[in-house]
Amino acid sequence: MTPDEFREAGHLLIDWIADFRTSIEERPVLAQVVPGEVRAGFPSGPPERLATVDELIAQLDTVVLPGVTQVQHPMHFGWFPANASLASVLGDLVSTGIGSLGITWQSSPALTEVEEVVCEWMRELCGLSPAWRGVIQDTASTACLVAMLCARERASDFSQNRGGLQGEEHPLVVYASPQCHSSVPKAVLLAGFGIDNLRHVDVDPVTYALDPSALRAAMAADAAAGRRPAAVILGIGTTGTTAFDPIAACVEIAQEYGAWVHVDAAMAGAAMLLPEMRHLFDGIEGADSISWNPHKWMGTALDCSMYLTRDPEHLIRVMSTNPSYLRSAADGQVTQYKDWGIQLGRRFRALKLWFHLELDGVDAIRARLRRDLDNARWFADQVASEPGWRVLAPVPLQTVCIRHEPPGLDGDALDGHTLAWLDRINSSGAAFMSGSMLDGRWMVRVSVGVESTERRHVEALWRMIRDAASVAAGETAPA
Ligand SMILES: *Cc1c(COP(=O)(O)O)cnc(C)c1O
């Protein structure tokens, strides 16, 4: 494709994206396809003749888009807000369009230095002290793995330069709440700690936040048994209920054992942009590492996960391998982001964050987050004041956990009812919410915060929920 052909096709595709975003509300939220349906829309073998852009656009319209669950849809209340602001989409396009190679500073000085600039801006916008240095990782899962590798090497005094964990006499132990995200046990396993050395510490039964006294007891028991408490992973805005593990109290306990504290604020970290919400993050300055995803609620297009460390030297020592062909005269004066994470080749991700901050503007981003907090509180108030309905956990941010509990329904019958009304709405395509287990029973998580979700959408959702639950209650009621 020549640049001129690119120009022509590019205009068509930008128009196509803009039209898609404009008309998204007409589409079902949950993809209405059966397994294999998208695949069946493609030829079974590789293409044998050249296609036109118009043909590909037709294929996008008829085969691809129907197979996309529309998380940019204003009636999407599932999982978490996975916003992809159009300003950041443009930055992402520029990143790929420049086609730079991010392997060392020298291979693209701008890639490194723009990332330094935007990470520094983000640190400041979040109210974090200058003690932190940032890097953009692809996802919070990778960031958590990086944190666990740093924790492992600190606790084992760089066992990687000897026999690795296999040569360690004292098992290293990691602590997290049972409410932690699935990426947490994954990182612990991949970092070689082993499932036997991951402790799920009890949570408070009302707030679902990690109980510091249980953490203290677990660490003391391990230490007494000759094991080494190596890391604590705190969920700041846990996946199930957006619980906030108490950072300050846990940091204090962890420090007694020299254990690493990683703060997983993947979803909730965006709230640090709001000065009035920072009290939820009290004590965060005592952590060793933080990850949070601008690619969730804040709205920078996936993938864009901030990893902040207080000790870049340690990170570099864990990650650096430095083969001679990657050395350059500028080493020592510059940041080599290849030594700040797992990948060598990196994308120019800072561009989409830069575009997002400059073109949408920090004030507008903050106003949107505040709108979402308001909408979530409004929704929680409606549910809490409606007979037969319950809000099951505190609502510190934008996630509301609810259940309809009609008289006479409990146990498995209640689960059946919850899944029935949820499925009724989700399968209709009119809105989407996630079902999730809490204390062994199904509940429904309503995660507010899509860029296009206004109050009227939340009001429509509440009407839809009550209707679906009343129909489902009629169907399951004993005759
Ligand atoms: C979404 C989420 C993750 C995983 O984020 P990825 O960037 O998809 O890896 C981890 N922890 C929490 C609390 C999350 O909300």
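Which residue in strand 8 is the bridge partner of Val135? In this predicted model, the partner is Tyr307. I'll start from that pair and then move to a helix.

Val135 sits in strand 2, residues 133-137, and Tyr307 in strand 8, residues 305-309. The two strands pair in the antiparallel sense, over 5 bridges. Both belong to an open sheet of 7 strands with mixed pairing, and the order across the sheet is 2-8-7-6-5-3-4. Strand 2 is at one edge and strand 4, residues 198-200, is at another; each has a single partner strand, so one side of each has no neighbour in the sheet. On average, neighbouring strands here are turned by 20° against each other, ignoring direction.

Helix 5, residues 109-125, lies across strand 2, strand 8 and strand 7, the last being 289-292. The helix runs at about 115° to strand 2.

Now helix 4, residues 86-98. Its 13 residues, at 1.5 Å a residue, should span 18 Å, and the end C-alpha atoms are 18 Å apart, so expectation and model agree.

Which residues of helix 4 are buried? They are Ala87, Ser88, Gly91, Asp92 and Ser95. Looking down the helix axis, these fall within an arc of 140°, so they line one face of the helix. The general background is that an α-helix has 3.6 residues a turn, so residues three or four places apart point the same way. The buried residues of helix 4 pack against helix 12, residues 350-360. On the other side of helix 4, Thr96 and Gly97 are exposed.

After helix 4 comes Gly99, with a positive phi, near 65°.

Note on methods:
Residues numbered from 1 in each chain as written. Predicted model: local features only at pLDDT ≥ 70, side-chain atom pairs only at ≥ 80, totals over all residues. Heavy atoms only, no water. Helix = DSSP H or I, 4+ residues; strand = E, 2+ residues; numbered from the N terminus. Expected span 1.5 Å × (residues − 1). Buried < 20%, exposed > 50% of the residue type's maximum accessible area, 1.4 Å probe, protein only. Arc of directions from axis to C-beta. Contact = heavy atoms within 4.5 Å. Pairing = 2+ DSSP bridges. Axes fitted to C-alpha atoms, helices over the stretch in contact; angles between N-to-C directions.
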